[in-house]
Amino acid sequence: MTSLEIPVPEAARQPPAPPPTPPEPVNVTARRQRLRTTRRRATGLLVAATLGFIALQLWGGDGTTFGYVEAGVEAAMVGALADWFAVTALFRHPLGLPIPHTAIIPTRKDQFGETLGDFVQTSFLTPEAIVERVHAARVVPRMATWLAQPPNAERLARHLADASVTVADLLRDDEVHRALEDAARHRIETTPLAPVAGRMLKLLTQDGRHQEVFDVMLRSLDRFLRDNEASLRARFADEAPWWLPGAVEDRIFERLLEGAAQLLHQVAEDPDHELRRDVDARVRRLVDDLQTSPEMLARGEELKAELLSQPELRQWVAKVWADIKAGLRTQADDPDSELRRRLADAIASLGARLRDDPPLAERAEHAIETGVRYVADQFSDEIGGIVSGTVARWDGRETADRLELLLGPDLQFIRINGTVVGGLAGLLIHAVGQAL
């Protein structure tokens, strides 16, 4: 038998720290018993061949039938010894002797791990192999059928809601506050306030919508005058000259109040009243000024700067985030919440669309295959490194013991076969020699 010389890096010769051992199999006891049984059989054949050889040396002869038996037994003993040495050399030093190129697994464990990692990386985890497996698994049709079933959609919605709560809890509140505040500030700072206000006001005043608001204001003002007549009368009396008689004060106040009420009623009942036209003109002019006037633009930026300088912005952001977290937790805990119901409906709808829309399913499958291919291309080295790194962390002696438990019974049959084949080969060689 020959051995492949593998150069050992200098770093591999350094004694590593005590590494963790691989997990012990559940059926390790049965495997150990099977190994003992097959090992006893192989060793028993070797002992039998040795005893037969000794006996034939004492009582046999080359020119008789015993010569054939002796040749067969001798060759069987040699074959058994050679295969015993080969099998033992894989896992330990034969007879404890530090013979070169023995105890291969414990001493070359790291190199085997690197080779195994490269083999897994180049033969099993190639993008083509993984994509082919994903395609054969029919991921999209099976996922679509599963998602379209309401119980599955509700279960997934519950998990998604719980996951969102977990993510929200993992985030630091001060960092979220800062991020939200920065986003709000950036959005406000990059948006001109006056033109936006002008466009909103223009939208509100289209088709005379502002006249409805104006009517509400007129009715509110009329109600205010009637409900607060006494306080307004007292205020007028306080402001009137001291020499004005009380009856005259009352008459003047009543005429003013009556005139204001009549004006409000006239404006409210006349769609073409001049006051309405004046309000329309002022509103239109304000809309134009907000969108085009440099003075309005500058004033809007001043107001925006004042808004951003207020400490209440951070407090408002903190309150918004606290309300979001509380609402999210409440909705996630409630099976009948709007959040979970909408999530379940969306998931079931997505499953039905994937199931009933072949072009959409094809695009989804293409996206999955593209993602799998990207992961295989970008992280194949890391996956191979996981294999080699895991093997490198195992203890060499323990690794050899585990592999012997796994492969040892078959290797002991190799010893048995070597004994039988060696014996037959010895008979054949002796017979050929006698014939010649």
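Me: Why does D173 count as partly exposed?

Reply: In this predicted model, D173 has a relative accessibility of 35%. Buried would require a value under 20%, and exposed a value over 50%. The value for D173 lies in between, so the residue counts as partly exposed.

Me: What makes the meeting of the D173 and K325 side chains a salt bridge?

Reply: The N to O distance of this pair is 3.3 Å. The cut-off asks for a side-chain nitrogen of Lys or Arg within 4 Å of a carboxyl oxygen of Asp or Glu. K325 supplies the Lys and D173 the Asp, and 3.3 Å satisfies the limit, so the term applies.

Me: What makes this a link between distant parts of the chain?

Reply: The two partners are 152 residues apart. D173 belongs to helix α8 (residues 173–189), while K325 belongs to helix α15 (residues 312–333).

Me: Why is K325 called buried?

Reply: Its relative accessible area is 19%. Buried means under 20%, so K325 is placed in that class.

Me: How do you know that D174 and R172 form a salt bridge?

Reply: The closest N and O atoms of D174 and R172 are 3.3 Å apart, and the definition accepts such a pair within 4 Å. D174 has a relative accessible area of 33% and is therefore partly exposed. Together with E175, the residues R172 and D174 are linked in a network of salt bridges. In the whole structure, a search finds twelve salt bridges.

Me: What separates D222 and R226 along helix α10?

Reply: The two residues are four places apart in helix α10, which means that about one helical turn separates them. An α-helix has 3.6 residues a turn, so residues three or four places apart point the same way. The side chains of D222 and R226 meet in a salt bridge with an N to O distance of 3.1 Å.

Me: Are D222 and R226 buried or exposed?

Reply: D222 has a relative accessibility of 11%, which is under 20%, so D222 counts as buried. R226 stands at 52%, which is over 50%, so R226 counts as exposed.

Me: What makes the buried residues of α5 line one face of the helix?

Reply: The buried residues of α5 (residues 127–136) include P127, V131 and V134. Seen down the helix axis, the buried residues fall within an arc of 60 degrees, so they line one face. On the other side of α5, E128, E132, R133 and A136 are exposed. The buried residues pack against α6 (139–148) and α17 (358–393). Just after α5, R138 takes a positive phi of about 50 degrees.

Me: Which residues make up the largest nonpolar core, and what makes it a core?

Reply: The ten residues are F214, L218, L225, F253, L257, L264, V267, V279, V283 and V287. The term covers buried residues of the nonpolar kinds, Val, Leu and Phe among them, joined through side-chain atoms within 4.5 Å. At least two core residues come from each of α10 (209–227), α12 (246–269) and α13 (274–292). The largest share, four residues, is supplied by α12. Apart from this core lies another of seven residues, including A49, A76, M77 and A80.

Me: Why is T419 called buried, and which residues does T419 touch?

Reply: T419 has a relative accessible area of 6%, under the 20% limit, so T419 is buried. This residue is found in helix α18. Leaving aside residues up to four places away in sequence, T419 touches L45, A76 and A80.

Me: Which residues make the nonpolar surface patch?

Reply: L45, Y68, V420, L424 and L427 make a patch of about 400 Å². The largest share, three residues, comes from helix α18 (residues 396–435). Y68 has its place in helix α2 (residues 65–91). The relative accessible area of Y68 is 34%; patch residues must have over 30%, so Y68 passes that limit.

Me: Why does Q331 count as partly exposed?

Reply: Q331 has a relative accessibility of 28%, which is neither under 20% nor over 50%, so Q331 counts as partly exposed. The residue lies in helix α15. Not counting residues up to four places away in sequence, Q331 touches S337, E338, L339 and R340. Q331 and R341 are ten residues apart in sequence, with 9.7 Å from C-alpha to C-alpha.

Note on methods: Residues numbered from 1 in each chain as written. Predicted model: local features only at pLDDT ≥ 70, side-chain atom pairs only at ≥ 80, totals over all residues. Heavy atoms only, no water. Patch = residues over 30% accessible without salt bridge, like charges linked within 9 Å, V, L, I, M, F, W, Y side chains within 5 Å. Areas by Shrake-Rupley, 256 points an atom, 1.4 Å probe, with all protein chains shown as cover. Buried < 20%, exposed > 50% of the residue type's maximum accessible area, 1.4 Å probe, protein only. Arc of directions from axis to C-beta. Contact = heavy atoms within 4.5 Å.
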